[in-house]
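Hi everyone, thanks for making the time today. I'd like to walk you through one structure, so please have a look at it on the screen before I start talking.

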Amino acid sequence: ILVIFIHHFAVADLLFTGLSILPGAVSLAANEWILGEVICYLSYFANISCAVVLCQLISALALSKMLLVKYPLRAIQFSGKAAHLSACGMWAYSLIFPVAAIARDEGGVYFSYLVYGCDYARP
């Protein structure tokens, strides 16, 4: 079970790096946003989604370790399928808020020179 959560953690970390850190480094080197509006949206909302799923996966790792220590004989019954389903539920939960914000899109996303990344303009 722990390995499954660590795999999902690694995927979330790679997505965060690819969609948030690398575009931020490119914009810092170019001193402006040159990657387009779609990448700006993806960068901002991937940052939020990955942060949410990473927090949930850390909590799931801690909970599964606690259950392994507290109930060592029941740990045999914990299945990998249940771990994958709970991780998929975490991914789905973390995508609800950015999708709702994009659908609503009252303020829009813009490039902020303060953080050299994309930020959401709240109306």
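Helix α2 is the biggest contributor to the nonpolar patch, supplying 3 residues. The model is a predicted one, by the way, so please keep that in mind throughout. The patch covers about 470 Å² of surface, and the residues that make it are V26, I34, L35, V38, I39 and L42. Let me pick out V38, which sits in helix α2. Its relative accessible area is 61%, so V38 is exposed.

Let's stay with helix α2 and turn to the cysteines. How many disulfides does the structure hold? The count is 1. The bond runs between C40 and C118, with the two sulfurs 1.9 Å apart. If you look along the S-S bond, the torsion is -125°, and the link of C40 and C118 is left-handed. What does this disulfide tie together? C40 belongs to helix α2 and C118 to strand β2, so the pair connects parts that are 78 residues apart in sequence. Both ends are tucked away: C40 is buried, and C118 is buried too.

Now you may wonder about some of the other cysteines. Why is C50 not bonded to C55? The closest cysteine sulfur to that of C50 is indeed the one in C55, but the gap is 11 Å, which is too far for a bond; the cut-off used for a disulfide is 2.5 Å. C50 has a relative accessibility of 3%, so this residue counts as buried. C88 tells a similar story about distance: its sulfur is 15 Å from the closest cysteine sulfur, in C50, and that is again too far for a bond. Is C88 buried or partly exposed? With 45% relative accessibility, C88 counts as partly exposed.

On to the aromatic residues. Searching the whole structure turns up 8 aromatic pairs. One of them is the stacked pair of Y44 and Y120, with ring centres 6.1 Å apart and 15° between the planes. This pair also bridges helix α2, residues 37-70, and strand β2, residues 117-120: Y44 is in the helix and Y120 in the strand, so parts that lie 76 residues apart in sequence are tied together. Y44 and Y120 are both buried. So, if you put the two links side by side, the disulfide ties helix α2 to strand β2, and the stacked tyrosines tie helix α2 to strand β2 as well.

There is also a cluster to look at: ring pairs link W33, F111, Y113 and Y116. And for those of you who like a charge over a ring, R74 lies over the face of Y71, at 4.8 Å from the ring centre.

Next, a word on the backbone. As a reminder, most residues other than glycine have a negative phi. Which residues go against that here? One is N31, whose phi is positive, near 65°. N31 is in the loop between α1, residues 2-30, and α2. At 44% relative accessibility, N31 counts as partly exposed. Another is Y116, which we just met in the ring cluster; its phi is positive, about 50°, although Y116 is not a glycine. Where is Y116 found? Its place is the loop between β1, residues 109-112, and β2. Y116 is partly exposed, with a relative accessible area of 24%.

Let me finish with three valines and their C-alpha distances. V11 is in helix α1, and it is partly exposed, with a relative accessible area of 43%. V11 and L54 are 43 residues apart along the chain, and their C-alpha atoms are separated by 9.8 Å. V99 lies in helix α3, residues 80-104, and is exposed at a relative accessible area of 53%. From V99 to S49 the C-alpha distance is 9.8 Å, with their positions 50 residues apart in sequence. The third valine, V109, is in strand β1, and at 13% relative accessibility V109 counts as buried. How far is V109 from S94, 15 residues away along the chain? Their C-alpha atoms are separated by 19 Å.

That's my tour, thanks for listening!

Definitions and conventions:
Residues are numbered from 1 along each chain as its sequence is written. This is a predicted model: local features need pLDDT of at least 70, side-chain atom pairs count only at pLDDT 80 or more; totals for chains, interfaces and linings use all residues. Side-chain values use heavy atoms; hydrogens and water are left out. Rings of Phe, Tyr and Trp (its six-membered ring) pair if their centres lie within 6.5 Å; planes under 30 degrees apart count as stacked, over 60 as edge-to-face and the rest as tilted. Helices (H or I, at least four residues) and strands (E, at least two) are DSSP runs, numbered from the N terminus. Buried means under 20% relative accessible area, exposed over 50%, partly exposed in between (1.4 Å probe, protein chains only). A charge sits over a ring if NZ of Lys or CZ of Arg is within 6 Å of the ring centre and within 35 degrees of the ring normal. Patches are made of residues with over 30% relative accessible area and no salt bridge: like charges are joined within 9 Å, nonpolar side chains (Val, Leu, Ile, Met, Phe, Trp, Tyr) within 5 Å. Accessible areas come from the Shrake-Rupley method with a 1.4 Å probe; for residues, only the protein chains shown count as cover. A salt bridge is a side-chain nitrogen of Lys or Arg within 4 Å of a carboxyl oxygen of Asp or Glu.
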